[in-house]
Amino acid sequence: MKEDRRVWIWFAPVLLILGLVYLVPVLDVLRLSFSDATLLRPVSGYGVDGYVAAFAADSLGVILRNTAVFTALSVVGLQIVGLAIALLLVRGDCRGLYGMTMLRTIVLAAWVIPGIANGLIWQMLLSEAPFGAVNSVLRMIGIPPVAWLSDPVNAMMSAVIANVWQGSAFSMIVFYAARRAVDPVLYEAAEVDGASASAQFVFITLPQMRGAILVNSVLVTIQTLNTFDTILALTGGGPGRATEVLSLYIFNTVFYAYDLGGGSALAVVLLGISMMLTLVYLAILVRRRT
Amino acid sequence: MSPRVADIATYIAGIVLAALFLMPLAWLLSLALRTPAEVYLGAARFIPEAPTLDNFRLILTDGAFGTYLYNAIKLCALGALGAVILATPAAYAASRFQFRGKGPVMVAILLVQMISPLVVIIPLYRYMDRLGLLESHSAVIGVYMAIGVPLSVWLIKTGFDTIPLSLEEAAAIDGCGRFEILARITLPLAAPALASAFILNMIMGWSQFLVPFILLTRDGQLPISVAIYNFAGSTSASTTQVLAAACLVAVVPALVAFLALQRLIVRAIMAGAVKG
């Protein structure tokens, strides 16, 4: 094995850029999180003040609750919508129905839209002005207008809807691939035994796709935790703090409040959550291999 | 339920879903084609009675938007190209050589994706500030390359895996060196994988907001995704139709690229999805 050591030359460009853009900054965030630096002033001392201040802040509880609600609802929504479309597509494919590729294309098209544009589009749809899309339709059928963005609870639902609309395509593709990999013999046998469609779903589809659903939950959770551009454009975190999630809070802390130490401490919290989820993901992958 | 009835139910569900997913874009187009007077009529004027292209004219003749579009294309094309170039040697080695530590390093590369750009952007801002790179596009292109590398390595490796080794061995017998084989045989055959990695990177770069928002300081350097955010902050409700046109201008290039190359893209995501 003469290539044993020389082989790493092939990896040098990748390792170099990932080291510079990810590894060094991650270590630096850890260092900064223990410092008193601001965006404008360099480090003058180290300590746990950043963490103490970050965890003592009244707002943190609200932020973490928002993050949990937004992430949980989004993950459930993304997976249910993704799974429903994937199963519909597979059924259409099996029966040779028309338009299934077109449906897939339409769903994927939403996925291509930049997060900022997504937030702006939903802002126009849910606009509370008398001419807002949804509210003017409601008025036409005699329902009073809904405060989609100015009511705290509704604003959270609106943010989740916008996120699910854009992100379902990813889950759809994962589930579509997984469903097609299920052995058709299982369904044929169930058919012979006279199992109903819902029984087939509960006893074949769900158990067979358990691995894909697990992996997808972790991936979608991490993606949702890290998104903030849709919310930034849709509600800006408001009304008040009603839709301010952790990632948006970090963004505001560092780049509007210029609190680098505190923002870094929060970024370390975000990184810690992502890392824990990643370990879960790895454990699932290893389990599936063996 | 008989299969016929189930087919009809499938069609109805499909149409409802398609409508739900198309509606936001259709509304955007509807707004963008309206005059201010018709904007105030809301959903009643979903199909404008006096459609106008004035909003698009306003956006596209404004020199700034041309610059934003150009910046966006430049940033994501160079970032995507760089990621593919950096990823290709590693992908080739991962596909062709057996060596200790291959599995862990490939998984580590994949896991880098789990780190939010939000975490690394804080130190990166400080480095680029000190290096004086906040005034140029090079910092953003470098970060885009790093963001695109993990997915590119895996996609291109999958592409190399499908090329039979016997082709390379035959060329070696004919006296070709390793690099000649790579340049003349392997890379051309891996073109679909290289292309799909490039396109996926382009689309991801097009959506990027945080990196250019933080790492660029001059307005004339901003890509369209940041520009529409700033533009939205500067308008009042009376110019909704102009904002809609601006959003469409930001969305359409990505949609067109996606529609044109969708076969390639879907195959690439599926390959990734099965692996994940």
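This tour moves through a predicted model, from chain A to its contact with chain B and then to the domains of chain B.

**Chain A as a whole**

Begin by selecting chain A and colouring by secondary structure. The selection shows 14 helices and zero strands. Stepping along the sequence gives the succession α-α-α-α-α-α-α-α-α-α-α-α-α-α. Orient the C-alpha trace along its principal axes, where chain A spans about 75 × 75 × 30 Å.

Next, colour chain A by burial. Chain A contains 290 residues, and buried residues account for 44% of them. A contact map of chain A is a useful companion view. If the map is restricted to residues at least 6 apart in sequence, 68% of the contacts join residues at least 24 apart.

**A loop residue in chain A**

Now select Tyr258(A) and display its backbone. This residue sits in the loop that connects α13 (246-255) with α14 (260-289) of chain A. Its phi angle is near 60 degrees, a positive value in a residue that is not glycine. Is Tyr258(A) buried, exposed or partly exposed? Tyr258(A) has 14 C-beta neighbours inside 10 Å and therefore counts as partly exposed; the partly exposed class lies between the limit for exposed, 12 or fewer, and the limit for buried, 20 or more.

**Where chain A meets chain B**

Bring chain B into view and select the residues on both sides of the contact. Chain A gives 71 residues to this contact, and chain B gives 73 residues. Which element supplies the largest share of the chain A side? Select helix α2 (residues 8-33) of chain A, which provides 13 residues, the largest share of the side that touches chain B. Colouring this side of chain A by residue class then separates 53 nonpolar, twelve polar and six charged residues.

**The two domains of chain B**

Hide chain A and colour chain B by its domain assignment, which gives domain 1 (1-52) and domain 2 (56-275). The distance between the C-alpha centres of domain 1 and domain 2 of chain B is 32 Å. In the contact between these domains, seven residues come from domain 1 of chain B and eight residues from domain 2 of chain B.

Focus finally on the domain 1 side of this contact. The elements of chain B that give two or more residues to that side are α1 (3-32) and α2 (36-39). Of these, α1(B) contributes the largest share, four residues. By residue class, the domain 1 side that touches domain 2 of chain B comprises six nonpolar residues, no polar residues and one charged residue.

Technical notes
Residues numbered from 1 in each chain as written. Chains lettered and ligands numbered in written order. Predicted model: local features only at pLDDT ≥ 70, side-chain atom pairs only at ≥ 80, totals over all residues. Contact = placed C-beta atoms within 7 Å. Nonpolar A, V, L, I, M, F, W, Y, C, P; charged D, E, K, R; others polar. Domains from an automatic or database assignment.
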